[in-house]
Structures are given as C-alpha cells and as structure tokens.
Amino acid sequence: MRARNFAGIGWLAAIIGGASIGIPWTSGQSPIPTHKPAGYPAWWFQRNVIPRTNSNNANPDYNRVGDYRPANDFAVLTQGQLKNMAIAAYNEFMADVGVNSDMTALVAKWVNVDPVTGVISPNAVEIVTADTADFAPVNLGQLKAVAQPFYEELIALGVVPGYPWFNSENTPADYTAANVGQAKQLFSFDIIQDLAGVPSGGGSSTDFLGGIPYTWFVYYGLNPVKPGNGPNDDSDGDGLTNLQEAQMGTDPNKKDNPALQLTISGYAAH
Ligand SMILES: [Ca+2]
Ligand SMILES: [Ca+2]
C-alpha cells in the first residue's frame, strides 16, 4: 500500500484567500526517540512529522544517522506537508488540552472528523477533491492561515503572548513561498511543556517599542534594550531589520530573509 500523501487545493481555497503545508503522513504510532534537538517538540517524532526511517532500532535517536530523516528547512513547503503538520498538531492538542472549533473546521476540510467528538480516526481517509494539490507550494499567507487557529488556542491558554507574526493583515510577503523551516518554526510549540512554563503575570500585548509589540521581542527571546536587539537592528544579519522581520512575519533569530533563501535553496539543514 502506498504512503498516504495529501494533495489538494480545495482545502486551500477554502481557507481565507490562502496558503497552507504538509509533510508525509502515515497513520500509526512511532516510538518516542530517546532525545531530540533543542526546539524539536517530542510530538513531532511521536506523530511522524519527522518520519522514522529505521524501524528496526528499538531506541531511535534523532542524532543517529538513519533513525530519522533530516528535514531540509529551505525546501519549499508543500500543501501536503502543511496538512500533515497541522493534522499532527491537531491530534496533539486533542490528546493534551482539547481542540477549538476553528481547528476542527480546518482539519475537517482535509480528513473526516467525528462531528460530535472532533476526533480524527487513525484510519481516516483523506478528503480528495478536484482542488486537492498536495504537491503545490504553500505561500506565507496560507501558512499563517493554517497556523492561526492553533495560535488562537495557545494564546487562550497563555502559552504565547500573541501571534508570532506582526499582524493579521495581508502583506506583500504573504505571497512569497513558505519554506519547511518556517512551518517548523510556527509548529514548534510543545503544549504540555509550554503550559508548565506559563508565568502567572504575563506581558501586555498592547505595549509597543519602535513599532513592534513588546510581546514579539519576548516571544523571540530578544531583549530590545540590549545592543543589536532593537527595532532597527538586524539581530541575525540576514539583511532585514527586526521591524521588517516583525512586519513580514519572519524569524529575527534566523537568516530567513526570503531574498536570501532564493540563493541557497537546496542547502540541506535541519
Ligand atoms: Ca534580521
Ligand atoms: Ca530573519
């Protein structure tokens, strides 16, 4: 039986003027790796976001060649990959804290969901329509649209102070192609671990510094009063100031300037 691949545009068009991703999805459980790189939540491995390649190893280890497939962060994200990532995230929310109706409405475009419980059966079959195009690229606007219901919940839980992108308005950058690294960045939350670290107070989402919400700095671990971390500084040296990164929804700690990525596509990283 061939591996299930999400392909489809119908779901995409249905999502806000859209954009979205996918990584190969197979049903069934994958063993928990013994350890993982910083920033990679365990559920990625448990839910096959990062597919296991060595099924004979009883104690899989991400750092051991052959146990897990490295991801190419600069590869263009496909709709099938985004759908796979979002479905895995949905199942993780369902297992940990429950899901909200927006999340259910989102995944119900791609797979059959129990209308009462919101549960996706392990044997759920992908909904394929004339618009399905799992191998089509995803743009940043689509990626944000798919990540949004998950962030709604993370914000409600107090896990994150706000959306990681500057605002929800459409920007010219929304039409640039999203890459795998950007999807991994958005879906790198670890619900249980993050909930344990929620401060009782929390910051205000209404304070701005140089045109950037203060919570944006907090989210990315930047202290804006430190040299090199201000709104007009380029903390990661990718040619975009932090203000530009906030406006474009890119990562101020990572050289993810879309203009640079075009010149390094094909570079394998994880
Ligand atoms: Ca920068
Ligand atoms: Ca950057």
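The expected span of a helix is 1.5 Å times one less than its number of residues. In this predicted model, helix H3 makes a good starting point. H3 covers residues 79-96, and its 18 residues should therefore span 26 Å, in agreement with the 26 Å that separates its end C-alpha atoms. Of those 18 residues, 14 are buried, so H3 is largely enclosed by the rest of the structure. Just beyond H3, Gly 98 adopts a positive phi of about 95°.

The same helix also leads into the interior. The largest nonpolar core contains 39 residues, and those with the most contacts inside it are Ala 86, Tyr 90, Val 107, Leu 143 and Ala 183. Two or more residues of this core come from each of helix H2 (42-46), H3, helix H4 (101-107), helix H5 (140-157) and helix H6 (180-186). The greatest contribution is that of H3, with eight residues. A second core, separate from this one, has five residues, among them Ile 212, Trp 216, Phe 217 and Leu 243. In soluble globular proteins, nonpolar side chains tend to be buried together.

Helix H5 deserves a look of its own. H5 has 18 residues, and the distance from its first C-alpha to its last is 25 Å, close to the 26 Å expected at 1.5 Å a residue. At Gln 148, H5 bends by about 40°, with a proline, Pro 149, following within four residues. Buried residues of H5 include Leu 140, Leu 143, Val 146, Pro 149, Phe 150 and Leu 154, as well as Lys 144 and Glu 153. Just after H5 comes Gly 158, which has a positive phi of about 85°.

Conventions: Residues are numbered from 1 along each chain as its sequence is written. Chains are lettered from A and ligands numbered from 1 in the order in which they are written. This is a predicted model: local features need pLDDT of at least 70, side-chain atom pairs count only at pLDDT 80 or more; totals for chains, interfaces and linings use all residues. A residue is buried if 20 or more other C-beta atoms lie within 10 Å of its own, exposed if 12 or fewer, and partly exposed in between; C-beta atoms are placed from the backbone. A nonpolar core is a set of buried Ala, Val, Leu, Ile, Met, Phe, Trp, Tyr and Cys residues joined through C-beta atoms within 7 Å. The bend at a residue is the angle between axes fitted to the seven residues ending there and the seven starting there.
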